[in-house]
Amino acid sequence: MLKMDSHIHSEYSPDSNSKIDDILETAKNRNIDIIAISDHNTVDGTSEVLKKTRNTDILAIPSIEISSTHGHILGFGCEENIPRDLSPQDTIDRIHDLGGLAIIPHPYCFYRHGLLCKSDYNDLKIDAIETKNARFIVGYCNRKAKNLSKKENLPALGASDAHYWKFVGDCYSLIDTEKDIDSVLKAIKKGKVKAEGKGTSNILLSKYLFERNFLKKFD
């Protein structure tokens, strides 16, 4: 079994300043085998991490977090940009056309654009959902996602959703796969994954947000 963090943000996301090198160093120190830079509406971070991991022990999966009209969707396995503000199913169709998986991050988190707060699961061709997203306060949204995963036999992933490199690997997936992109995508589709990990410390997260959003004004 390999450890995978499928949802990490880099400095190419407007709400993160994490350098790819810092992300990779943290992943290495936490024994993460597979990562995905899933930046908001751009694959620029994916392009950089694919180059930097070419001859390393860490496998990078191309990815992007797309803002659809009803919420966020990960285009896991996509190396091309997908336009934002399309309908959820149009976004999912674009992901599938590029050979990727449509994974729903924090599906029931209304304050972070959770797709299933506004869309009906039965209307969408979803490949997997996050049932352990590390950025939670009380865990209700994760529990609701876990219940949906069990009810619909939908592959469940754990991910840090780290916007700061120190939080990489807080949540992760254990995945039964060979260490290449195609095998990882197939393993997720077959449900050979298990969500693991712990929530990011709300104290550390609040400290980071304070430093990023308030103190930087005085730099």
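**Figure 1. Overall size of the chain, in a predicted model.** The radius of gyration comes out at 16 Å, and a compact globule of 219 residues would be near 17 Å, so the chain agrees with what a compact globule would give. Draw a box along the principal axes and the C-alpha atoms fill roughly 50 × 40 × 30 Å. Inside that box the chain has six helices and 10 strands. Of the 219 residues, 54% count as buried.

**Figure 2. Contacts and surface of the whole chain.** Take the contacts with a separation of 6 or more: 66% of them come from residues 24 or more positions apart. On the outside, the chain exposes about 10,600 Å². Carbon and sulfur atoms supply 49% of that area.

**Figure 3. Charges, and how they pair up.** How many positive and negative side chains does the chain have? There are 31 positive ones and 32 negative ones, and the centres of the two sets lie 6 Å apart. Side chains of opposite charge can pair when their charged atoms come close. With a nitrogen-to-oxygen cut-off of 4 Å, the count comes to nine salt bridges. The next views pick out some of these.

**Figure 4. Arginine 30 and aspartate 170, a salt bridge across the sequence.** The closest N and O atoms of arginine 30 and aspartate 170 are 2.6 Å apart. Why does this pair tie together parts that are 140 residues apart in sequence? Arginine 30 sits in the loop between helix H1 (20–29) and E2, while aspartate 170 sits in the loop between strand E8 (156–159) and strand E9 (171–175), so the bridge joins those two loops. As for cover, arginine 30 is partly exposed at 31% relative accessibility, whereas aspartate 170 counts as buried at 5%.

**Figure 5. Glutamate 11 with lysine 19.** Here the salt bridge has its closest N and O atoms 2.9 Å apart. Are the two partners buried or partly exposed? Glutamate 11 is partly exposed, with 32% relative accessibility, and lysine 19 is partly exposed too, with 43%.

**Figure 6. Aspartate 85, with a positive phi and a salt bridge.** Aspartate 85 turns up in the loop between strand E5 (72–76) and helix H3 (88–97). Its phi is positive, about 65°, although aspartate 85 is not a glycine. What does its side chain meet in a salt bridge? The partner is arginine 84, at 3.3 Å from N to O. Aspartate 85 has a relative accessible area of 48%, so it falls in the partly exposed class. Arginine 84, at 47%, is partly exposed as well.

**Figure 7. Asparagine 41, another residue with a positive phi.** Asparagine 41 is not a glycine, yet its phi is positive at about 60°. Where is it placed? Look in the loop between strand E2 (34–37) and helix H2 (44–52).

**Figure 8. A salt-bridge network with three members, Asp21, Glu48 and Lys52.** Salt bridges link Asp21, Glu48 and Lys52 into a network. Helix H1 covers residues 20–29, which takes in Asp21. Helix H2 covers 44–52, which takes in Glu48 and Lys52.

Note on methods
Residues numbered from 1 in each chain as written. Predicted model: local features only at pLDDT ≥ 70, side-chain atom pairs only at ≥ 80, totals over all residues. Heavy atoms only, no water. Helix = DSSP H or I, 4+ residues; strand = E, 2+ residues; numbered from the N terminus. Rg over C-alpha atoms; globule rule 2.2 N^0.38 Å. Buried < 20%, exposed > 50% of the residue type's maximum accessible area, 1.4 Å probe, protein only. Contact = heavy atoms within 4.5 Å. Areas by Shrake-Rupley, 256 points an atom, 1.4 Å probe, with all protein chains shown as cover. Lys, Arg positive; Asp, Glu negative; His and termini not counted. Charge placed at Lys NZ, Arg CZ, Asp CG, Glu CD.
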